[in-house]
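Here are some worked exercises to try with the model open beside you. Have a go at each task before reading on to its solution.

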Amino acid sequence: GRESRSEDILRHMITSCAKDDMCPRPDKVTFNIVLGCYAKSSQYGSSRKAVKLLKEMEQLDQKPGWRTRPDAITHLLVIQALGRERTIAAAEMALDLLHKLQNQYMETRDEVVKPNKIHFNAVINAFSNTSSRLNGHGAAKRAEDVLQEMHDLYYKRNQYDIKPDRVSYSSAITGYANEGRPLDAERILAMMIEEYRNGDTRCKPDTIAYTSVINSWAQSGEP
């Protein structure tokens, strides 16, 4: 597949550089392009390969002449790859990666590693995609926890680019809908409506949000 071929070429570049200092070295952009393939891949093991590439970038960056320091885009692509695995373990790994990036930014204030709401939405989506009526009630709550974290960062720590939006709320609703928990799905929708009524047009509920809540009732078996 394109993922394997992309990494094969990357590996060839790295191997060539080990033998000849004059060979072109892959940089952050090169790695990010390969990670982009894994972020879109449905092949088994793609997320693990993405995590491995991230660690390799960190290691290479410590060597003289290498410019492979992972940035916010790098981390987003790995988080998205983990989200496609649809397991609790991968979603938790995505959350850990987000917190690592957030802490790195708080320590350095380097805009290159600053996460935004897209990173948080990707983690919410990772948990929501994992939720189902078969795996117990846990993943949807974890998705809501991340939504609440976004809310707190915005209102309590003034991180304005992390305010939850329509995607954030809709993904959390989907999590509860997948678990057959209509009351919780409806509660998140009510939060979304309140934000919209308070003037945030980015939280205006759309058809997807309402349909998810309706579907959660239809699938719940509630009288």
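**Exercise 1. Find the residues that Arg166 touches, leaving out those up to four places away in sequence, and describe its setting.**

Solution. Keep in mind that this is a predicted model.

Step 1: list the partners. Arg166 touches Met192, Thr201, Arg202, Cys203, Lys204 and Asp206.

Step 2: place the residue. Arg166 belongs to helix α8, which covers residues 166–178.

Step 3: check a pair that is distant in sequence. Ile208 is 42 residues from Arg166 along the chain, yet their C-alpha atoms are 9.9 Å apart in space.

Step 4: classify the exposure. Arg166 has 28% relative accessibility, so it counts as partly exposed.

**Exercise 2. Describe the overall make-up of the protein chain: its helices and strands, its span and its burial.**

Solution. Step 1: count the elements. There are 10 helices and zero strands, so the order from the N terminus reads α-α-α-α-α-α-α-α-α-α under the DSSP assignment.

Step 2: take the dimensions. The C-alpha trace spans about 70 × 35 × 25 Å along its principal axes.

Step 3: look at burial and surface. Of the 223 residues, 46% count as buried. The accessible surface comes to about 11,800 Å², with 53% of it belonging to carbon and sulfur atoms.

Step 4: look at the contacts. Among contacts with a separation of 6 or more, 65% join residues 24 or more positions apart.

Step 5: consider charge. The chain carries 32 positive and 30 negative side chains, and the centres of these two sets lie 3 Å apart.

**Exercise 3. Which residues touch the most other members of the largest nonpolar core?**

Solution. Step 1: recall the general trend. In soluble globular proteins, nonpolar side chains tend to be buried together.

Step 2: find the core. The largest one has 52 residues, and Val78, Val123 and Ile173 touch the most other members.

Step 3: follow one of these. Beyond its neighbours within four places in sequence, Val78 contacts Leu35, Ala50, Val51, Leu54 and Leu97.

**Exercise 4. Is His119 buried or exposed, and what surrounds it?**

Solution. Step 1: locate His119 in helix α6, residues 117–130.

Step 2: apply the cut-off. Buried means under 20% relative accessible area; His119 has 3% relative accessibility and therefore counts as buried.

Step 3: name the surroundings. Setting aside neighbours within four places in sequence, His119 is in contact with Ala72, Leu76, Ile79, Leu98, Leu101 and Lys114.

**Exercise 5. How many disulfides does the structure hold?**

Solution. Step 1: give the count, which is zero.

Step 2: test Cys17. Its nearest cysteine sulfur, that of Cys23, is 5.6 Å away, while a disulfide needs the sulfur atoms within 2.5 Å. Cys17 is buried, at 5% relative accessibility.

Step 3: test Cys37. The nearest cysteine sulfur is that of Cys17, 20 Å away, and Cys37 is in no disulfide. Cys37 is also buried, with a relative accessible area of 13%.

**Exercise 6. Where are Arg86 and Asn158 found, and what is the phi of each?**

Solution. Step 1: start from the background. Most residues other than glycine have a negative phi.

Step 2: take Arg86. Its phi is near 60°, a positive value, and Arg86 sits in the loop between α4 (72–83) and α5 (88–108). At 52% relative accessibility, Arg86 is exposed.

Step 3: take Asn158. Its phi is near 55°, also positive, and Asn158 lies in the loop between α7 (139–155) and α8. With a relative accessible area of 47%, Asn158 is partly exposed.

Technical notes. Residues numbered from 1 in each chain as written. Predicted model: local features only at pLDDT ≥ 70, side-chain atom pairs only at ≥ 80, totals over all residues. Heavy atoms only, no water. Helix = DSSP H or I, 4+ residues; strand = E, 2+ residues; numbered from the N terminus. Buried < 20%, exposed > 50% of the residue type's maximum accessible area, 1.4 Å probe, protein only. Contact = heavy atoms within 4.5 Å. Areas by Shrake-Rupley, 256 points an atom, 1.4 Å probe, with all protein chains shown as cover. Lys, Arg positive; Asp, Glu negative; His and termini not counted. Charge placed at Lys NZ, Arg CZ, Asp CG, Glu CD. Core = buried A, V, L, I, M, F, W, Y, C linked by side-chain atoms within 4.5 Å.
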